[in-house]
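Reader: I should like to work through a structure feature by feature. Could you set out how each one is to be read?

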Amino acid sequence: MSEADASARLWLVVPAAGRGRRMGADRPKQYLTLEGRPVLAHTLSRLHQAFPQAQLCLCLDPDDDRFDPAWVPFARWRRSPGGHERADSVRQALAALAGEAGDDDLVLVHDVARPCVTVADLTTLLSALREDPVGALLATPVADTIKRDDGQGRIASTEPRDGLWQAQTPQGFRYGLLRQALEQAAAGGVGVTDEASAVEALGLSPRLVPGRRDNLKITHPEDLALAAHVLAAQREGAASHAGQGLAEHAHLASKETD
Ligand SMILES: Nc1ccn([C@@H]2O[C@H](COP(=O)(O)OP(=O)(O)OP(=O)(O)O)[C@@H](O)[C@H]2O)c(=O)n1
Ligand SMILES: C[C@](O)(CO)[C@H](O)COP(=O)(O)O
C-alpha cells in the first residue's frame, strides 16, 4: 500500500435515483419490500456492516418523497441529486464531494438495487482496490451460451464466451481518476453503463475481481423473489457456519477435558 493510500479515506456512492421501469412496480424498486424492509435499507445495511466508518453519498431523485433517513445506518452521510442516467447520478455525487474528497481517496460505487452483496465480497473488493491504482470491480465469468439476435427474434450468431465477464458492483476507483473519467465521458457524449467503462475510455484496464453470482441486480419482477431466497440462504449459510464453529469448539473443549 502506498503512503497516499494509507491516509486515503473511503467514500461510498450509492446510485438510488432510478425509476425501476423494467420492474414495472407502483414505486421505484429501491422502495419495494424485501423481507419486511425496503431494498434500499438492506443495501445500506450490508455496506455499513462492511465499512461502518465510511462516508456515504446517496444519489436520490430530487422529487423522491418515499425516502426515509431512518434507513441510513451511517453516521456521516449526505444525499445528492440523481441525474438523467445512472452515470449522471454518480458524476453529480462525485462533484458534490469536491473540496472534501482528495484525489487519492477511495470511492466504491454500489447499486442500491444489489442488496445481496456479501460483506466478504465487499472487503475483498476494497483490498483489491488498495492494491491497484487503476481500480477494480466485482464480476463473474459468463456461464451461459451467448446468442446475438437478428432483430426479428431469430439467432444471427453464437458469440464466443471465452473471456467474457458480467460486471457487478461495487466498482472502486481513486476519486480523482473516477471523476475525470466520468466528466470526460459526459463531455464526449459517451454513454457508459458502469464506472469501469468510463475508466476504460481513458485507455486504462480496471481489475476484474471474481464475485458471487448471487450479487444480483434487482431489475425484473422475478428478481425480487430471487433476492429474498438469496438473503435467506445467506443467513442459513452464516448460521450453519456459526453452528459448525460451536460444534468444533465443543469438540475441542471435550478433548481438552478428556
Ligand atoms: N438516473 C439514474 C438511473 C439509475 N440509477 C441507479 O442505478 C442503479 C442501476 O440502475 P438500474 O438497475 O437500471 O435501475 P433503474 O434505472 O431504476 O431501472 P430501469 O432501468 O429498469 O428503469 C440503480 O441502483 C438505480 O437506482 C440512478 O441512481 N440514477
Ligand atoms: C453498473 C451495473 O450494475 C453493472 O452491471 C449495470 O450496468 C447497471 O445497470 P443498468 O441497467 O445499465 O443501469
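Author: The turns below take up confidence, then the two ligands, then the backbone.

Reader: What average pLDDT does the protein chain have, and what ipTM and pTM does the predictor give the complex?

Author: Where pLDDT is low, the predicted coordinates should not be read in detail. This is a predicted model, and its protein chain averages a pLDDT of 93, with 91% of the residues scoring at least 70. For the complex, the predictor gives an ipTM of 0.98 and a pTM of 0.93.

Reader: Which residues come nearest to ligand 1?

Author: A residue is counted as near a molecule if one of its heavy atoms lies within 4 Å of it. By that criterion 18 residues surround ligand 1, and Gly20, Arg21, Lys29, Ser89 and Lys217 come nearest. Sorted by class, this shell holds 5 nonpolar, 5 polar and 8 charged residues.

Reader: Which polar contacts does ligand 1 make through its oxygen and nitrogen atoms?

Author: A polar contact is a pair of N or O atoms within 3.5 Å. On the side-chain part, an N or O atom of arginine 22 is 2.8 Å from an oxygen atom of ligand 1. Backbone N or O atoms also take part: that of glycine 83 lies 2.9 Å from a nitrogen atom of the ligand, and that of glutamate 85 lies 3.4 Å from a nitrogen atom of the ligand. Taken alone, ligand 1 exposes 560 Å², of which the protein buries 89%. The space that ligand 1 takes is the largest pocket.

Reader: Which residues lie around ligand 2, and how do they divide by class?

Author: The same reading by distance and class serves here. The residues around ligand 2 are Arg22, Arg86, Asp111, Arg114, Ala167, Thr169, Thr193, Asp194 and Lys217. By class there are 1 nonpolar, 2 polar and 6 charged residues.

Reader: Which side chains make polar contacts with ligand 2?

Author: Arginine 22, named above for ligand 1, also has a side-chain N or O atom 2.7 Å from an oxygen atom of ligand 2. A polar side-chain atom of aspartate 111 lies 2.6 Å from an oxygen atom of this ligand, and for the side chain of arginine 114 the corresponding distance is 2.9 Å. Ligand 2 taken alone exposes 350 Å², and the protein buries 75% of that. The space taken by ligand 2 is likewise the largest pocket.

Reader: Is the peptide bond from threonine 169 to proline 170 cis or trans?

Author: Omega is the angle to consult. Here it is near 10 degrees, and the bond is cis. Proline 170 belongs to strand β10, residues 165–174, while Thr169 is one of the residues around ligand 2.

Reader: Is phi of glutamate 35 positive or negative, and where does the residue lie?

Author: The sign of phi is read together with the residue type. Glutamate 35, a residue other than glycine, has a positive phi near 45 degrees. Its place is in the loop between β2 (33–34) and β3 (37–38).

Conventions: Residues are numbered from 1 along each chain as its sequence is written. Chains are lettered from A and ligands numbered from 1 in the order in which they are written. This is a predicted model: local features need pLDDT of at least 70, side-chain atom pairs count only at pLDDT 80 or more; totals for chains, interfaces and linings use all residues. Side-chain values use heavy atoms; hydrogens and water are left out. A polar contact is a pair of N or O atoms within 3.5 Å; within protein, one must be able to donate a hydrogen and the other to accept it, and residues adjacent in sequence count only if both atoms are side-chain atoms. Accessible areas come from the Shrake-Rupley method with a 1.4 Å probe; for residues, only the protein chains shown count as cover. On a 1 Å grid over the protein atoms alone, a cavity is a set of points where a 1.4 Å probe fits but cannot get out, and a pocket is an open set with protein on both sides within 12 Å along at least five of seven lines; lining residues have an atom within 4 Å of a point. A molecule sits in a cavity or pocket if more than half of its atoms lie within 2 Å of its grid points. Ala, Val, Leu, Ile, Met, Phe, Trp, Tyr, Cys and Pro count as nonpolar, Asp, Glu, Lys and Arg as charged, and the others, Gly among them, as polar. pLDDT is the predictor's confidence in each residue, from 0 to 100. Helices (H or I, at least four residues) and strands (E, at least two) are DSSP runs, numbered from the N terminus.
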